[in-house]
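Me: I'm new to reading protein models. Could we go through this one together, one question at a time?

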Amino acid sequence: MFTLAEVASLNDIQPTYRILKPWWDVFMDYLAVVMLMVAIFAGTMQLTKDQVVCLPVLQPTVNSKAQPSTSGKADFTTVETTTGQGEEASMRTVSFGSAPTVTPDVPVSGATSSPYQPTESGQELKKEQKDSSGRKTNLDFQQYVFINQMCYHLALPWYSKYFPYLVLIHTIILIVSSNFWFKYPKTCSKIEHFVSILGKCFESPWTTKALSETACEDSEENKQRLTGAQSLPKYVSTSSDEGSPSASTPMITKSGFKFSADKPMIEVPSVTILDKKDGEQAKALFEKVRKFRAHVEDSDLIYKLYVGQTVIKTVKFIFILCYTANFVNTISFEHFCNPKVEHLIGYTQFECTHNMAYMLKKLLISYISLICVYGFICLYTLFWLFRIPLKEYSFEKVREESSFSDIPDVKNDFAFLLHMVDQYDQLYSKRFGVFLSEVSENKLREISLNHEWTFEKLRQHVSRNAQDKQELHLFMLSGVPDAVFDLTDLDVLKLELIPEAKIPAKISQMTNLQELHLCHCPAKVEQTAFSFLRDHLRCLHVKFTDVAEIPAWVYLLKNLRELYLIGNLNSENNKMIGLESLRELRHLKILHVKSNLTKIPPNITDVAPHLTKLVIHNDGTKLVVLNSLKKMTNVAELELQNCELERIPHAIFSLSNLQELDLKSNSIRTIEEIISFQHLKRLTCLKLWHNKIVNIPSSITHIKNLESLYLSNNKLESLPAAVFSLQKLRCLDVSYNSIALIPGEIGLLQNLQHFHITGNKVDVLPKQLFKCVKLRTLSLGQNCITSIPDKVSQLLQLTHLELKGNCLDRLPATLGQCQLLRKSGLVVEDHLFDALPSEVKEVLNQDTSIPFANGI
């Protein structure tokens, strides 16, 4: 026998699941428990007390040999049986009229074989009773026990016998149907995660603090406090409103936790200060919610299972009600039984009483009542399931009541679980919605960020760059710490991989800031901050993956001098160049574009009239269309690097103000077009390095004003005399070619200051080289030079001499006469330096305050 507690365990649900059980599920669970108790009670009663008692029904018979009685009526015998465990069975026969008396000592078969004997045979019967002898068998008791058992199975309706078991089976099926969606492997995992995350979100300190801050922001007192706050001076732009951002410009607007465009940023209330541990837990919750949402929203299995089990319970209710109602009247106290054992008993019909009939009928009516209530609740559940779309859930009410206006609506199983939770308590979904809001997450990150990056810590990260400017580089943070804007002496600010960067009005305190780097950082600015940047920012670097990442306010910085754009601007990938009009950048002088262009974007020509330097660095994509270069009449410096150019573009010859041309890392093989450079009267620097140039045409002599010529990393085998006719040449770089001889005409270059011929095949240095007395840099490394002439002492202005990688045995002692040469500027093998006389080494080791040049 099993206890009630063991049966109740079938309906056991973890307490944490209670939030997913609406009132009708809870009520149906209680009904199922009551039905289970009915089944157990009925089964227990049936096992202990259920039985039937049957007595024969005497039929009147007429014996042809018998004389009719004086009364003319048949006598009936009433038989009473009593049974008791461990007691003697007895049978008493009460006779009416002339019916004979049957004693216990007479065998039952003899007594019952002819119950109606004629009166004249009485003497024979008495004589037979007197003469009979044998053992007492109580066969009369066994006969009635036998009849009771047979009639229990034959006469009693099957529903009376199996009613408790049917109720038990039905109840178990209903219980299983109610809990199947909790136990099914495909759903229980999602439910467990949901309940776990929901509980953590409900109890998280961040939830309470975020909602408290919302209430604080909504209060009238807080609004007055914020309005009257004057903790920060508001920056007043010295320029007109021209160039102000349009409505589509990504500025920080006055909603949620975003910075206000009309008010300075106020210090965060103390209610938002979290412990570091609480902040980390809240960050982990945001990530869990994000992953859980992506996992659950892709299917509606939980919803389908719940609908399916509700339909099953409804069908089960209809089935039970239909067939059970037919058996209510079949349960009765009296039953007639025809066991067909007349040859054993002598009677054909028995009348039986069922002692549990009354109790079973009452239990059955109670069970039907419970089933009816259960069924009506199932119908209500179906109505609830199909009345509204439960696979969609809107946080509209939460958005209205809080400042988290960006809480997204959810769908499928995620939405259904939230609908179920609302039946328990709507506060759960409200607190859960906090962790679906990006505004809330960003606010948490902001608080944690400001707590971690204090002013003192930021000050430690400030460094000096190559231009001797104070620079701060922030990398992969969740936002820009507020303390950054307290570094008022900062010159350069670099923000890299900060997707939620916001520039508030406090930036107006940074009066020294003139250079800003945004690397994969689509920063948003507050209106006052934009006014400050528009008037003060001079240099801006923007690195992006897609052109859409370039902040729109960049195109409105009218006082910007330098703009560096690094990212994908390929028209094939973006369908059209996404650069907005640069016409507003009226003071822009330098434009640097590092991308994969196939043509120069037309928008770049908007700034052509005032652009002085244009740099285009391609990633190897061939730059085909260059006609727009003709419009850039004021360009003084032009760089077209790694653009797969095979010839010098003709459009360049129209740039009359061009002073420096750099065509590095292209595929130029011939430079016969160089003769056209004679029209470029101002051209002083020509860089054709890292190409495939084989020879230098003699027409190079027409570039009279050329001062710097870079031809390194080409395929030159000789230097023509025409090169040495350029009297103004100050720098000549022919490193890493295949030049074997330095012509003596090099002595004609009296203004030559820097000569680089590293990585060639030179074996002898001509004496004319040392007539270039203005040489400051002489790079002769990685050649085949065997000796350095003593005339090197004539190079009195020499500050850098590279000799490493040659076949030298010694260095001339006259190196000591090069007054400006020091050991730091002498690049040779250590053993050659050690072989120098001690007085020469002493001179070379002397410190000097005169700086030396290491190239241009």
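Me: Let's start with a cysteine: is Cys-188 buried or exposed?

Reply: Keep in mind that this is a predicted model. To count as buried, a residue needs a relative accessible area under 20%. Cys-188 comes in at 16%, so Cys-188 is buried.

Me: And Cys-372, where does that one fall: buried, partly exposed or exposed?

Reply: Here the relative accessible area is 23%. Buried means under 20% and exposed means over 50%, with partly exposed in between. So Cys-372 is partly exposed.

Me: How many disulfides are there in the whole structure?

Reply: A quick reminder: a disulfide is a covalent bond between the sulfur atoms of two cysteines. Here, sulfur atoms within 2.5 Å of each other count as a pair. Cys-54 and Cys-352 make one, at 1.9 Å from S to S, and Cys-151 and Cys-337 make another, at 2.2 Å. Searching the whole structure gives a total of 2.

Me: How many residues apart are Cys-54 and Cys-352?

Reply: Their disulfide has an S to S distance of 1.9 Å. Cys-54 lies in strand E1 (residues 52-56), while Cys-352 lies in strand E5 (residues 350-354). The bond therefore links distant parts of the chain, 298 residues apart.

Me: Are those two cysteines buried or exposed?

Reply: Use the cut-off again: under 20% is buried. Cys-54 has a relative accessible area of 1%, and Cys-352 has 2%. So Cys-54 and Cys-352 are both buried.

Me: What about the link between Cys-151 and Cys-337: is it left-handed or right-handed?

Reply: The sulfur atoms of this pair sit 2.2 Å apart. The torsion about their S-S bond is about -90°. That value is negative, so the disulfide is left-handed.

Me: Which helix holds Cys-151?

Reply: This disulfide also links distant parts of the chain, with its partners 186 residues apart. Cys-337 is in strand E4 (residues 334-337). Cys-151 is in a helix spanning residues 139-154, and that is H5.

Me: What pattern do the disulfides follow along the chain?

Reply: Count the bonded cysteines along the chain. One bond joins Cys-54 to Cys-352, and the other joins Cys-151 to Cys-337. The pattern is 1-4, 2-3.

Me: Last one, away from the cysteines: which residues does Ser-448 touch?

Reply: Ser-448 is in helix H17 (residues 438-452) and is buried, at 17% relative accessible area. Leaving out residues up to four places away in sequence, Ser-448 touches Gly-279 and Lys-283.

Technical notes:
Residues are numbered from 1 along each chain as its sequence is written. This is a predicted model: local features need pLDDT of at least 70, side-chain atom pairs count only at pLDDT 80 or more; totals for chains, interfaces and linings use all residues. Side-chain values use heavy atoms; hydrogens and water are left out. Helices (H or I, at least four residues) and strands (E, at least two) are DSSP runs, numbered from the N terminus. Buried means under 20% relative accessible area, exposed over 50%, partly exposed in between (1.4 Å probe, protein chains only). Contact means heavy atoms within 4.5 Å.
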